[in-house]
Amino acid sequence: MRVNHVGEVCAQALYNSQARYAHSAAIREQFDEAGREEEDHLAWTAQRLTELGSRLSLLNPLWYAGSFALGTIAARMGDGRSLGFVVETERQVEAHLASHLEELPPQDAKSRAIVKQMAIDEVEHGAAAQRLGAIDTPAPVKALMGIMGKVMTKTAYYI
């Protein structure tokens, strides 16, 4: 659950930076709305970590700063590219959440419910970005995002 919480910290940073530097008001509004929904995920995962007797990642400030920088870069490339970054991010998050659901014990109904709802919301965020005119992210960037995601998940699991 710590990894999921770190993902939500990153989502906050991405959506905050992308909203801040969006070129159009409609895109800014979409990023703001998605960010508000991600706040729920952040709260749910933090509460669940507490209930499980665990803790937040010690690197959360680093995760936030790095994600804010990435969101700023994406936003500076224009709304279409920024939306494309969202589509790819949410696609990778959806895959992570699906694998997490497979690993969660069936009796952990509370964690499973949280992860399922997060997955539903992430799919909608990606679909909304697609509807608003997302430009496909280049394959090398997608690959780099996947590598960075693996580093984040492995590190956040322990630290």
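A residue is taken as buried when its relative accessible area is under 20%. By that cut-off, helix α1 of this predicted model is mostly covered, with 16 of its 19 residues buried. The helix runs over residues 2-20. Its length is regular on a simple check. The expected span is 1.5 Å times one less than the number of residues. For the 19 residues of α1 this gives 27 Å, and the end C-alpha atoms lie 27 Å apart, so the two values agree.

The search for enclosed space returned one cavity of 30 Å³ or more. The volume of this largest cavity is about 30 Å³. Its lining is made up of Tyr-15, Gln-30, Phe-31, Ala-34, Leu-83, Val-86, His-125 and Ala-129. Three helices each contribute at least two of these residues: α2 (25-51), α4 (79-103) and α5 (109-131). The largest share belongs to α2, which supplies three residues. In character, the lining comprises six nonpolar residues and two polar ones. No charged residue takes part.

Val-151 was examined separately. The residue sits in helix α6, which covers residues 139-158. Its relative accessibility is 49%. Partly exposed is the class between the buried limit of 20% and the exposed limit of 50%, so Val-151 counts as partly exposed. Along the chain, Val-151 and Asp-32 are 119 residues apart. In space, a distance of 27 Å separates their C-alpha atoms.

Terms used: Residues are numbered from 1 along each chain as its sequence is written. This is a predicted model: local features need pLDDT of at least 70, side-chain atom pairs count only at pLDDT 80 or more; totals for chains, interfaces and linings use all residues. Side-chain values use heavy atoms; hydrogens and water are left out. On a 1 Å grid over the protein atoms alone, a cavity is a set of points where a 1.4 Å probe fits but cannot get out, and a pocket is an open set with protein on both sides within 12 Å along at least five of seven lines; lining residues have an atom within 4 Å of a point. Grid points are joined across faces, edges and corners, and a volume is the space filled by probe spheres set on the points. Helices (H or I, at least four residues) and strands (E, at least two) are DSSP runs, numbered from the N terminus. Ala, Val, Leu, Ile, Met, Phe, Trp, Tyr, Cys and Pro count as nonpolar, Asp, Glu, Lys and Arg as charged, and the others, Gly among them, as polar. Buried means under 20% relative accessible area, exposed over 50%, partly exposed in between (1.4 Å probe, protein chains only).
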